Amino acid sequence: MRITLLVVGKTDSRPVADLTAVYIQRLKHYIPFDMQIIPDVKKSARMDEQTQKRSEGQEILKALTPSDTVILLDENGKQYSSMEYASLLQKYMLSGIKRLVFIVGGPYGFSDEVYKRANGKISLSKMTFSHQMIRPFITEQIYRAYTILNNEPYHHA
């Protein structure tokens, strides 16, 4: 299985990008992992939130293949403990899927078309985080899950 983190827009914060890169590098020890960045939609004065979500959604859908298992990082998604999340990733690994794609949307969330394509939604917290801050959080949690699955001391239950 390969894991892809699909994100909308580059981060403008060097520390956020650096921390995300640390966990991406650590993850490569366990599983093929990559992060794909969809360029920001150029917003004009006439573009409302719905139009921006639709434009971003079209680009997200272009980056997916029919066989991908797609999980949206969404405030209305299911919340997991780190142990539960590790079990979820193990279930996906054992199911034989080729690519698991986690998607971080833009600042206004996802279009209806992206929601229809998704196989599931997870939430990292009841709190709201910027779409940029989610990147190091999700990569760290994926890394943590693999250390749990490998009985390594990174996670202290």
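The following legends describe close-up views of a predicted model.

**View 1. A salt bridge within helix H1 joins Arg-14 and Asp-18****.**
The side chains of Arg-14 and Asp-18 meet with an N to O distance of 3.2 Å. Both residues belong to helix H1, which covers residues 14-27. They stand four residues apart, about one turn of the helix. Arg-14 is exposed, its relative accessible area being 58%. Asp-18, with a value of 37%, is partly exposed.

**View 2. A salt bridge within helix H2 joins Lys-62 and Glu-59****.**
Here the closest N and O atoms of Lys-62 and Glu-59 are 3.0 Å apart. The two residues lie in helix H2, formed by residues 49-62. Their separation along the chain is three residues, about one turn of the helix. Lys-62 has a relative accessible area of 62% and is exposed, whereas Glu-59 is partly exposed at 32%.

**View 3. A salt bridge between Asp-68 and Arg-99 links distant parts of the chain****.**
The side chains of Asp-68 and Arg-99 form this salt bridge at 2.6 Å, N to O. Asp-68 is found in the loop between H2 and strand S3 (69-79), and Arg-99 in strand S4 (residues 99-104). The two residues are 31 residues apart. Asp-68 counts as buried because its relative accessibility of 5% falls under the 20% limit. Arg-99, at 13% relative accessibility, is likewise buried. The pairs of the preceding two views and this one belong to a count of five salt bridges for the model.

**View 4. Five residues make a nonpolar surface patch****.**
The patch is made by Leu-124, Met-127, Phe-129, Met-133 and Phe-137. Its area is about 420 Å². One of its members, Met-133, lies in the loop between strand S5 (120-123) and helix H5 (134-149). The relative accessibility of Met-133 is 31%, which places this residue in the partly exposed class. Met-133 can take part in the patch because its 31% relative accessibility is over the 30% required of patch residues.

Key:
Residues are numbered from 1 along each chain as its sequence is written. This is a predicted model: local features need pLDDT of at least 70, side-chain atom pairs count only at pLDDT 80 or more; totals for chains, interfaces and linings use all residues. Side-chain values use heavy atoms; hydrogens and water are left out. A salt bridge is a side-chain nitrogen of Lys or Arg within 4 Å of a carboxyl oxygen of Asp or Glu. Buried means under 20% relative accessible area, exposed over 50%, partly exposed in between (1.4 Å probe, protein chains only). Patches are made of residues with over 30% relative accessible area and no salt bridge: like charges are joined within 9 Å, nonpolar side chains (Val, Leu, Ile, Met, Phe, Trp, Tyr) within 5 Å. Accessible areas come from the Shrake-Rupley method with a 1.4 Å probe; for residues, only the protein chains shown count as cover.
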